[in-house]
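Subject: The model you asked for

Hi,

Here is the structure, ready for you to open in your viewer. Please have a look, and then read on for what turned up in it.

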Amino acid sequence: MCFFVSFPGNFSETDGLDMNSPHFLERLRILYTKILGVLQNIPKDAAYRKYTEQIVNQRFNLVQTETDVQKLQDKLNSGHIEEVIVQAENELSLARKMVQWKPWEPLVEEPPSDQWRWPI
Amino acid sequence: MGRSGGRDGGCPWWVCRELVATVRPKNEVEQKQLCVFGEYVAEILPKYIQQAQVTCFNELELLIHPDGIIPVLTFLRDHTNFKSLADLTAVDVPSRQYRFEIVYNLLSLRFNSRIRVKTYTDELTPIDSAVSVHKAANWYEREVWDMYGVFFANHPDLRRILTDYGFEGHPFRKDFPLSGYVEVRYDDEVKRVVAEPVELSQEFRKFDLNSPWEAFPAYRAAPEPLKIEAGAKKEDAK
């Protein structure tokens with residue numbers, strides 16, 4: 001992936017696609033809506049749901065308000081738009097797995113008292 | 001630095017004027033950031049994280065229950081951006097109940113930071129394989145299996161990687177001797193390499209590996225207070 005070579009014209013630096021196509025924003029909107037939908041299955045007081053909803057809503061609002069992809073990339077400050085899409089896809093798959101794992105429950109098992117003592 | 005310094009009145013650089021210890025300066029900002037991040041992760045995953053600590057060298061460590069390896073590693077890879085598994089090793093501490101401590105070192109390329117995840121297990125309990133989360137764990141887990149004997153469940157291909165083909169034993173365990181149990185030599189009669197029990201001459205037989213100096217004087221265990229047990233009642237002297 002060429003990050004440091006500048007192409008003439010308004011092309012996305014990574015894929016050579018036309019950057020202003022509505023494809024990117026549409027995909028982001030779909031992904032963020034799906035993430036928020038999956039998060040509804042998590043209890044409201046879980047820290048994961050709180051923080052992820054905060055992040056996703058923030059990004060969602062930016063995507064809704066900003067139509068120019070270049071400016072959106074700058075505002076999000078998270079790399080190229082394709083990377084933002086990949087991040088959202090990862091977050092979606094993680095949210096689905098979190099619903100099954102339920103990591104907000106209290107600790108499974110305490111370690112033995114000398115387990116984490118150092119020096120021995 | 002260099003020859004152009006005029007402040008010292010032309011004194012060459014190798015003449016010591018003051019001795020200043022070259023110690024890495026403490027980076028308080030990074031320490032605080034790592035503390036905050038450690039608290040964030042511990043708040044999100046309280047089911048698995050038993051402890052979170054930041055060493056004095058600004059290294060964040062998460063101490064985890066073994067059930068939580070795949071959830072924690074997936075969370076760190078997908079939510080926070082630790083996409084690279086830099087290392088997967090084990091530490092053998094035979095005096096503990098769960099003697100092996102499995103250590104995962106993760107690296108975030110985007111944020112240029114590292115994190116360490118530690119779990120525990122004993123000789124017989126299997127641990128979930130991290131291959132489903134990071135492909136790099138494949139050979140690392142084979143190495144830990146070969147050297148320590150820690151079994152990884154759901155590993156695609158768990159076999160020996162460093163030891164010889166018929167080798168018995170797990171060399172990195174603390175109870176495995178330094179020179180091993182077998183040595184190999186070429187036998188001319190059978191025209192091949194044979195493995196025989198190791199023969200040490202008397203000079204090499206002294207296994208006194210303890211150092212005469214105390215290792216960690218700052219961490220001396222407090223001496224146990226003497227317990228005074230109630231003895232038999234004294235008979236009145238008549």
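Below are some notes on a helix contact, an annotated region, the cysteines and two residues. Please keep in mind that this is a predicted model.

**Where the chains meet through helices**

Helix 2 of chain A (residues 47–65) packs against helix 1 of chain B (residues 28–44), with the axes 7 Å apart and an angle of about 120° between them. That angle makes the helix 2 of chain A oblique to helix 1 of chain B. On the chain A side, the contact is made by A:Ala47, A:Tyr48, A:Lys50, A:Tyr51 and A:Ile55. Helix 1 of chain B brings B:Tyr40, B:Glu43 and B:Ile44 to this contact. By residue type, the contact divides into six nonpolar, no polar and two charged residues.

**The annotated region of chain B**

UniProt, in an unreviewed entry, lists residues 64–181 of chain B as "domain: NADH:ubiquinone oxidoreductase 30kDa subunit". Over that stretch the chain is 19% helix and 27% strand. The C-alpha atoms at the two ends of residues 64–181 are 35 Å apart.

**Cysteines**

How many disulfides are there over all chains? The count comes to zero. Take B:Cys35: the closest cysteine sulfur to its own is in B:Cys56, and at 12 Å this is too far for a bond, because a disulfide needs the two sulfur atoms within 2.5 Å. The closest cysteine sulfur to that of B:Cys56 is likewise in B:Cys35. Both residues count as partly exposed: B:Cys35 has a relative accessible area of 34%, and B:Cys56 is at 49%.

**Two residues to look at in chain B**

Is B:His134 buried or exposed? With 4% relative accessibility, B:His134 counts as buried. B:His134 sits in the loop that runs between strand 6 (127–128) and helix 3 (137–148) of chain B. Leaving aside residues up to four places away in sequence, B:His134 touches B:Leu73, B:Arg77, B:Phe82, B:Lys83, B:Ser84, B:Leu85 and B:Leu106.

B:Pro197, by contrast, is exposed, with a relative accessible area of 60%. B:Pro197 belongs to strand 9 of chain B (residues 192–197). Not counting residues up to four places away in sequence, B:Pro197 touches B:Tyr181, B:Val182 and B:Glu183. Its C-alpha atom and that of B:Asp128 are separated by 36 Å, with the two residues 69 apart along the chain.

Happy to talk it over whenever suits you.

Best wishes

Note on methods:
Residues numbered from 1 in each chain as written. Chains lettered and ligands numbered in written order. Predicted model: local features only at pLDDT ≥ 70, side-chain atom pairs only at ≥ 80, totals over all residues. Heavy atoms only, no water. Axes fitted to C-alpha atoms, helices over the stretch in contact; angles between N-to-C directions. Helix = DSSP H or I, 4+ residues; strand = E, 2+ residues; numbered from the N terminus. Parallel < 35°, antiparallel > 145°, perpendicular 65-115°, else oblique. Contact = heavy atoms within 4.5 Å. Nonpolar A, V, L, I, M, F, W, Y, C, P; charged D, E, K, R; others polar. UniProt positions renumbered as here; feature names shortened; annotations may be inferred. Buried < 20%, exposed > 50% of the residue type's maximum accessible area, 1.4 Å probe, protein only.
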